[in-house]
Amino acid sequence: MEQAALFTIFGGTGDLAKRKLYPSLFRLYKKGNLAQHFAVIGTARRPWSDDHYREIVRETIKDLNATEEEAQEFSNHFYYLSHNVNDTEHYDQLKELADQLDEKYSLQGNRVYYLAMAPQFFGTIVNHLKSQEILTTTGYNRLVIEKPFGFDYDSANELNNQIRNVFPEQDIFRIDHYLGKEMIQNISVIRFANNIFESLWNNRYIENVQITFSEALGVEDRGGYYENSGALKDMVQNHILQVVALLAMEVPTSFSNKSIREEKVKVLQAIRRYDSEEVLQNFVRGQYDAGALDDKQFIAYHDEPNVAEDSLMETFVAGKFLIDNFRWSGVPFYVRTGKRMTEKGTRINIVFKQVPVNVFNFEQEVADGEELPQNILTIYIQPTEGFSLTLNGKKIGQGFNTEPVKLDFRQSAEVTENSPEAYEKLLLDALNGDGTNFSHWDEVANSWEIVDRIRNTWDQTTPGFPNYSAGTMGPQCAFDLLAKNGHEWAWQP
Ligand code: NAD
């Protein structure tokens, strides 16, 4: 179905616009979601011409098998306006251009404003959209914003107040691009379309839940950003807590934006708010030192460009969340994320409880009282996508010896390659006005409340950094965290 809309991309010359937004818009164009009735205004400070802008746009889609003609036609819908977001006059030019394009392409007053810029500009931009009357009265006006949404609860709240002065919550689409990923969306299908799982999805059958977001890369050229953020704010506040909420939420009454949000918020509200002592018991941090893996040598975090030599910023976090409700009381949700780990991978392990009694332990090969391996459901988010379930089966032969068997499903590389990119899905959702896969304010607010407590406690103590070698799965304390409850990380590459 073709959608009529004008996109205004603030930060149109930036990395995100070039790497993600333009290719995603092109994919929507190829599929017919965008056709004749769309236009894009790119704005940023550089003094580009429309022609140059269109050339750049064509460059960004060169790997997407566009014919010369297609690329040309697509890029002809793009217009560039040199614009300093702090300068009120420029918004008047923006309004003029937007109105012209609305008429030229019959866009029915539908507008999507995409803020692909540093968050400190968000407030100024939205205020001007209102004061300079760029918002239309005929169609819709939707705001898409990138992370980070604030740097703590107070700043997020202030930013939210500024934005909500202009846009109602249902028109605000806060991007968490993980929510656009196929296997994150699959969490709900695995849970709610399979009775065998949903009926066991509680503290009677699940012993613990483990969420790992590991990166093999270091900070690359983002040292400056990372020094102000660290792994906790960069990953836990948004992506990881969103995944915890999706895994732990109650079954929504329908799979609608509103019901899902209500259920996710209830989970975030039920996550235990730790005092300082509990933070120190339940959360650990790390920073990578120099290291080597597969003949590759890596430098320490504090030697990376734009990183302070005596930096105390964490590049690794592991922790235990507790959810104080009927379903989850007593079940630890372990999370970990870090840079320069052994392998890149995002996966979830649902570790089920042991059978109450191992009736097979009379066999000689099983030492007295030894327990069977636990059933584990693993959801692979990336780079491979799929899920697996480990069960216990009988070892072929005399007697009743058991051995673990793994039911394994991975999407083929071909299916994965052809699946829509997260940004493509999210842009289409925004066009459809569907906020299901975006973070709502109540979720963001609760996440910051949880994360602020950890950050504040950490800021009062000095960590012994660096404490893990590049190329490993993090510091020893991340393993001890589980060991003290008699658990271990199911994924140990
Ligand atoms: P970038 O630095 O590459 O681009 C910033 C853009 O803002 C440029 O187009 C620049 O010209 C423009 N700009 C800066 N100051 C301006 C001003 N005063 N007036 C007008 N234009 C101005 O940044 P990016 O990597 O594209 O990131 C943009 C946003 O997206 C950030 O909030 C970032 O945190 C977020 N984000 C980026 C990525 C990514 O993959 N790049 C991923 C997740 C989130």
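**A walk through a two-domain predicted model**

With 5 C-beta neighbours inside 10 Å, D295 counts as exposed, because a residue is placed in that class when 12 or fewer such atoms surround its own. The model in which D295 is found is a predicted one, and the residue makes a convenient point of entry. D295 sits in the loop that runs between β10 (291-293) and β11 (296-298), and its phi is near 70 degrees, a positive value in a residue that is not glycine. Most residues other than glycine have a negative phi, and most peptide bonds are trans.

R340 offers a counterpart in another loop, the one between β13 (333-338) and β14. The phi of R340 is also positive, at about 55 degrees, although R340 is not a glycine. As for its surroundings, R340 is buried, because 30 other C-beta atoms lie within 10 Å and the threshold for that class is 20 or more. The backbone has two further points worth inspecting, both of them at prolines. A cis peptide bond, with omega about 0 degrees, joins K147 and P148, and P148 is placed in the loop between β5 and α6 (153-164). A second cis peptide bond, again with omega about 0 degrees, links Q382 to P383, where P383 belongs to the loop between β15 and β16.

That loop leads into the strands on either side of it. A hairpin of three residues connects β15 with β16, and strand β15 (residues 376-382) and strand β16 (residues 386-394) run antiparallel, joined by five bridges. Within this pairing T378 stands opposite S388 in β16. Strand β15 also pairs with strand β14 (residues 345-352), in the antiparallel sense and over six bridges, and here V351 is found opposite I376 in β15. From β14 the path continues to β7, since these two strands pair in the antiparallel sense over eight bridges, with I206 facing F352 in β14. Strand β7 has a further partner in β13, but this pairing is parallel and extends over six bridges, and V209 stands opposite F333 in β13. How enclosed is strand β7 by the rest of the structure? Eight of the nine residues of strand β7 (residues 206-214) are buried, so the strand is largely enclosed by the rest of the structure. In a regular strand the side chains alternate between the two faces of the sheet.

F333, met above as the residue opposite V209, appears again among the contacts of V244. Once its neighbours within four places in sequence are left aside, V244 is in contact with I211, V267, F321 and F333. V244 also has a prominent place in the largest nonpolar core, which has 122 residues: together with I9, Y114, L115, V144 and I240, V244 touches the most other members. Helix α10 (residues 230-248) gives the most to this core, contributing 12 residues. Both domain 1 (5-146) and domain 2 (179-483) supply residues to this core, and therefore the core lies between them.

The division into domains can now be considered directly. The protein chain is divided into domain 1 (5-146) and domain 2 (179-483), and the C-alpha centres of the two lie 35 Å apart. Their contact draws 12 residues from domain 1 and nine residues from domain 2. On the side of domain 1 that touches domain 2, the elements giving two or more residues are α1 and β5 (141-145). Of these, α1 gives the most to that side, with six residues. In composition, the residues of this side of domain 1 divide into seven nonpolar, two polar and three charged.

Helix α1 then brings the reader to the ligand. Which helix gives the most to the shell around the ligand? It is helix α1 (residues 15-30), with four residues. In total 21 residues surround the ligand, and the closest are G11, G14, D15, L16 and A44. The residues of this shell divide into eight nonpolar, seven polar and six charged. Helix α1 is thus an element shared by two of the settings described here, for α1 gives the most to the side of domain 1 that touches domain 2 and the most to the shell around the ligand.

Conventions:
Residues numbered from 1 in each chain as written. Predicted model: local features only at pLDDT ≥ 70, side-chain atom pairs only at ≥ 80, totals over all residues. Core = buried A, V, L, I, M, F, W, Y, C linked by C-beta atoms within 7 Å. Domains from an automatic or database assignment. Contact = placed C-beta atoms within 7 Å. Near = placed C-beta within 6 Å. Nonpolar A, V, L, I, M, F, W, Y, C, P; charged D, E, K, R; others polar. Pairing = 2+ DSSP bridges.
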